[in-house]
Amino acid sequence: MPLNLEDIARLAGVSRSTVSRVVNQHPNVSARTREKVSQVIRDQNFHPNPVAQMLVTQRTQLIGIFVSQTATTFFNDQSAYFPTVIQGIADIANNQNYGTLLWLGSNDNESSQGSLYRRITHNRLTDGVIVVSASNSRQLVSRLVEMSVSFVAIEKPRDFADRVTYVTIDNVGAAHMAVQHLIGLGRRKIGTIAGPLENTDAAERLAGYHRAMHEAGLPVHPDWVVSGDFTAENGYTGMQALLKQGVEAVVTGSDQIALGALRALQAAGVGVPDDVALVGFDDLPAATNVTPQLTTVHHPIREKGAYATRLLLDLLEENIHEPQQIFLPTHLVIRQSCGALNVPTSVKVQ
């Protein structure tokens, strides 16, 4: 029969309430008594009842993760973006003895989505929530803010950005850097294939493209800009459209887009990088599994998940009292697809 608190108290020669305070890390226990009780717990391989602990601490040791994608999209994620983010979350959660609970979005009607959001904001299963792809989750972010639920966003949310703790990257600066590099290589007629512009990251990357072109005094013809989603299919059709414009280089909103664009270029018999230089964004494993390998912006995706989890735990421990906006660094990884011969020292060569 499993031991209980009374059994541990008897073996340690202390009261049940003392054992409870040790188990629940209450500060009002002397160091000597805490060690004596802890030794008995270790010797007996005792594991407290988690439900009883929850009643005392009002904590479940569970972190909720919301991903706005459907199960089909999530489990068929060829880019590995979402699994990589969640691995970063799990790294920290596991290390801090937290479990995780995953919620996925759906294609159901607005009423059904609203019901899902209510379950997330009113459930008592999780201590806090991490919202992945926050800019695609406006309604949920609004509800979390309204209900004062502890949460951290991955990506800059489209609303309440000044009131929300979030982790992101400087998408504008990263895209600007990629376009500047192509300009430095002598490319002038540069097109772009962007992701969905309702997504904050995609919109900011497009803004970085425009900024770099403007600063260089280069024109941007409307037909040089194509947008869609973060898929290879968008890259393929977008590249077909840009080929008709005679572009010399293309910067894309994701590696998946770039991989689709590369297939379109190869299908058309266009040389990469000799005829058209190509740059991706994310630096996921697929970028090195093609020929030519992709020049791409390194995006610290796993680190975003880990950093967001640390911030959430700090929120739960009340170590953070004001919203935090964290921008993780990026860099350009030079590979074969851009045709670089002389690489500036400010970028990483791989």
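1. Sheet order. In this predicted model, six strands make up an open sheet with parallel pairing, and their order is β2-β1-β3-β4-β5-β11. The edge positions belong to β2 (99–104) and β11 (325–328); each has a single partner strand, so one side of each is left without a neighbour in the sheet. Direction ignored, neighbouring strands are turned by 20° against each other on average.

2. The β5–β11 pairing. Strand β5 (residues 166–169) runs parallel to β11 and is joined to it by four bridges. Within this pair, Ile169 of the model stands opposite Leu328 in β11.

3. Helices on the sheet. Helix α6 (residues 81–95) packs on the sheet and touches β1 (62–67), β2, β3 (128–132) and β4 (151–154). The direction of α6 makes about 170° with that of β1. Helix α13 (residues 301–316) also packs on the sheet, where it touches β1, β3, β4, β5 and β11. For α13 the angle is given against β4, and its direction makes about 160° with that of this strand.

4. Internal space. Searching the whole structure yields one cavity of 30 Å³ or more. The volume of the largest cavity is about 60 Å³. Its lining consists of Ala175, Thr192, Ala194, Ala202, Arg205, Leu206, Val251, Thr252, Gly253 and Phe281. Two or more lining residues come from each of β6 (190–194), α10 (200–215) and β8 (249–252). The most is given by α10, with three residues. By class, the lining of the largest cavity has six nonpolar residues, three polar and one charged.

5. Second largest pocket. This pocket holds about 650 Å³ of space. It is lined by 26 residues, of which Asp77, Ser79, Phe82, Phe230 and Thr231 are the closest to its centre. At least two lining residues are supplied by each of α6, α10 and α11 (232–243). The lining of the second largest pocket divides into six nonpolar, twelve polar and eight charged residues. Two of these helices recur from the points above: α6 packs on the sheet, and α10 gives residues to the lining of the largest cavity.

6. Cis peptide bonds. Which residues does the cis peptide bond with omega of about 10° join? Val272 and Pro273 are the two residues, and Pro273 is in the loop between α12 (255–267) and β9 (277–282). A cis peptide bond also runs from Thr291 to Pro292, with omega near -5°. Pro292 has its place in the loop between β9 and β10 (295–298).

7. Backbone at Ser148. Although Ser148 is not a glycine, it has a positive phi of about 55°. Ser148 lies in the loop between α8 (138–146) and β4, and β4 is one of the strands that α6 touches.

8. Confidence. The protein has a mean pLDDT of 88, and 91% of its residues reach 70 or more. Over residues 342–350 the pLDDT falls below 50, yet this stretch has 14 contacts in the model beyond near neighbours in sequence. Predicted coordinates should not be read in detail where pLDDT is low.

Definitions and conventions. Residues numbered from 1 in each chain as written. Predicted model: local features only at pLDDT ≥ 70, side-chain atom pairs only at ≥ 80, totals over all residues. Heavy atoms only, no water. 1 Å grid on protein atoms, 1.4 Å probe; cavity = no way out; pocket = protein on both sides within 12 Å on 5 of 7 lines; lining within 4 Å. Points joined across faces, edges and corners; volume = space filled by probe spheres on them. Nonpolar A, V, L, I, M, F, W, Y, C, P; charged D, E, K, R; others polar. pLDDT = per-residue confidence, 0-100. Contact = heavy atoms within 4.5 Å. Pairing = 2+ DSSP bridges. Axes fitted to C-alpha atoms, helices over the stretch in contact; angles between N-to-C directions.
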